[in-house]
Amino acid sequence: MSTTAGKTSNAANNESQPKWNAELGIWENAAAAGDIELPKGALWIFGYGSLTWKPAFKSEEMRRAKITGFARLFWQRSMDHRGTPSFPGAVVTLVTENDLKAQESGLLEELHGIAEKSGDPASMLSVHGVAFRLADDPESKQILADLDFREKGGYSRSIQTVEFEDGSTAEALVYAGTADNPNFHPLSVGDTAAVIAKATGPSGPNREYLFNLENFLNGSPKSRDPYIETLADQVRRNISSKEGSVEPGKFTAPSKLRGCFVGSGSDGLQLPEVFETIVSLAGKNLENASDLNVVYIGLPSYDLDGCAADK
Ligand code: SIN
């Protein structure tokens with residue numbers, strides 16, 4: 001993050017930074033980088049990604065807040081949470097305007113296009129999230145150590161100014177993957193969506209991370225993010241076109257129907273017709289689903305524990 005001098009950490013230029021473990025895709029000491037001085041007194045932490053919907057730590061206060069001057073983009077590869085070293089997922093990081101401009105042509109234009117189409121061009125460099133105030137007690141040390149471990153996939157600590165909804169501000173600790181971290185991986189929206197639709201890692205499917213973030217942001221009209229919405233729509237399209245099509249002869253019908261959603265059908269049946277067919281067969285106990293040869297279970301698959309085995 002190469003913005004305000006003195007407020008940022010830069011993984012490449014600081015010799016005290018941990019080394020990269022390329023095989024695992026994490027810092028070698030399994031902790032976020034950045035040996036920075038924390039603000040005195042109560043500590044705020046600003047979350048803009050998974051921390052918005054899964055903070056997993058106790059705080060004294062939680063407030064919606066934003067930071068400006070950065071774009072929140074799914075440009076950070078994840079091998080330890082939402083992907084694996086053999087198929088990395090994509091999670092969010094914060095990208096400065098200068099780092100955006102340094103990317104190959106097309107990426108910045110695409111982002112400008114999305115922001116302009118939304119009618120709110122400034123949204124591109126405005127990141128809404130949550131600020132958490134930690135208690136001024138020894139337990140907070142452990143919270144920070146746990147966060148450093150969680151953010152080991154290339155993130156660094158930095159201090160940024162956050163603005164609360166009432167206009168007041170505070171200095172907050174922020175974890176972001178700077179443009180020089182090894183997992184920084186700029187991609188177009190289409191390429192990012194293709195990764196997210198497919199990747200899964202120890203923390204769960206990549207799509208779950210995106211949809212939870214979208215859900216959090218849509219919780220307030222002020223925080224809606226056109227890039228996130230565009231990406232989530234594209235991932236939904238990728239998933240439904242993939243899961244909704246059945247190659248002839250490749251489908252094995254489930255022996256029992258288990259309260260699944262119906263994704264789509266083939267054989268010319270439209271979704272409502274397929275659904276009706278299933279419902280009526282379910283009433284008859286669906287012993288013979290293979291007669292149907294039109295049914296595909298699985299939208300969205302990560303929700304459907306029982307269905308996954310049938311695919
Ligand atoms: C954050 O949520 O603030 C950091 C990125 C992440 O863990 O998703």
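Biologist: How do the residues lining the largest cavity divide into nonpolar, polar and charged?

Modeller: Happy to start there, and please keep in mind that this is a predicted model. The lining of the largest cavity is made up of 14 residues, with Arg72, Ser123, Met124, Asp225 and Tyr227 nearest the centre. By class, that lining divides into 10 nonpolar, 2 polar and 2 charged.

Biologist: Which element gives the most to the lining of the largest cavity?

Modeller: Four elements each supply at least two residues of this lining: E5, helix H3 (107-117), strand E7 (126-134) and helix H7 (226-243). The one that gives the most, with 4 residues, is E5.

Biologist: What volume does the largest cavity have?

Modeller: Counting those of 30 Å³ or more, the structure holds 3 cavities. For the largest cavity, the volume is about 110 Å³.

Biologist: Let's go on to the second largest cavity. Where does the largest share of its lining come from?

Modeller: The second largest cavity holds about 40 Å³ of space. Its lining is formed by Trp75, Leu107, Glu110, Leu111, Leu187, Ser188, Val189, Thr192 and Tyr227. Two elements give two or more residues to that lining, namely H3 and helix H5 (189-198). The largest share, 3 residues, comes from H3.

Biologist: And how many residues in the lining of the second largest cavity are nonpolar, polar and charged?

Modeller: Leu107, Leu111 and Val189 are among the residues of this lining, and so are Ser188, Thr192 and Glu110. Sorted by class, the lining comes to 6 nonpolar, 2 polar and 1 charged.

Biologist: Thanks! Now for the largest pocket: which residues lie nearest its centre?

Modeller: About 300 Å³ of space lies in the largest pocket. H1, strand E5 (70-78) and strand E6 (89-96) are the elements that give two or more residues to its lining. By class, the lining has 9 nonpolar, 8 polar and 6 charged residues. There are 23 lining residues, and nearest the centre of the pocket lie Ser50, His81, Arg150, Glu151 and Tyr209.

Biologist: Where does the ligand sit?

Modeller: A good way in is to look at the residues around the ligand, which are Phe46, Gly47, Tyr48, Gly49, Ser50, Leu51, Glu151, Tyr155 and Tyr209. Ser50, Glu151 and Tyr209 also appear among the residues nearest the centre of the largest pocket. The ligand does indeed sit in the largest pocket.

Biologist: Which elements each supply at least two residues of the shell around the ligand?

Modeller: The shell itself divides into 5 nonpolar, 3 polar and 1 charged. Phe46 and Gly47 belong to it, as do Ser50 and Leu51. The elements that each supply at least two shell residues are strand E3 (43-47) and helix H1 (50-53).

Biologist: One last point: what percentage of the ligand's exposed area does the protein bury?

Modeller: Begin with the backbone, where an N or O atom of Tyr48 lies 3.0 Å from an oxygen atom of the ligand. A polar backbone atom of Ser50 is 2.8 Å from a ligand oxygen, and for a polar backbone atom of Leu51 the distance to a ligand oxygen is 3.0 Å. Taken alone, the ligand exposes 250 Å², and the share of this that the protein buries is 97%.

Note on methods:
Residues numbered from 1 in each chain as written. Predicted model: local features only at pLDDT ≥ 70, side-chain atom pairs only at ≥ 80, totals over all residues. Heavy atoms only, no water. Near = heavy atom within 4 Å. Polar contact = N/O pair within 3.5 Å; in protein donor to acceptor, adjacent residues only side chain to side chain. Areas by Shrake-Rupley, 256 points an atom, 1.4 Å probe, with all protein chains shown as cover. 1 Å grid on protein atoms, 1.4 Å probe; cavity = no way out; pocket = protein on both sides within 12 Å on 5 of 7 lines; lining within 4 Å. Sits in = over half its atoms within 2 Å of the grid points. Nonpolar A, V, L, I, M, F, W, Y, C, P; charged D, E, K, R; others polar. Points joined across faces, edges and corners; volume = space filled by probe spheres on them.
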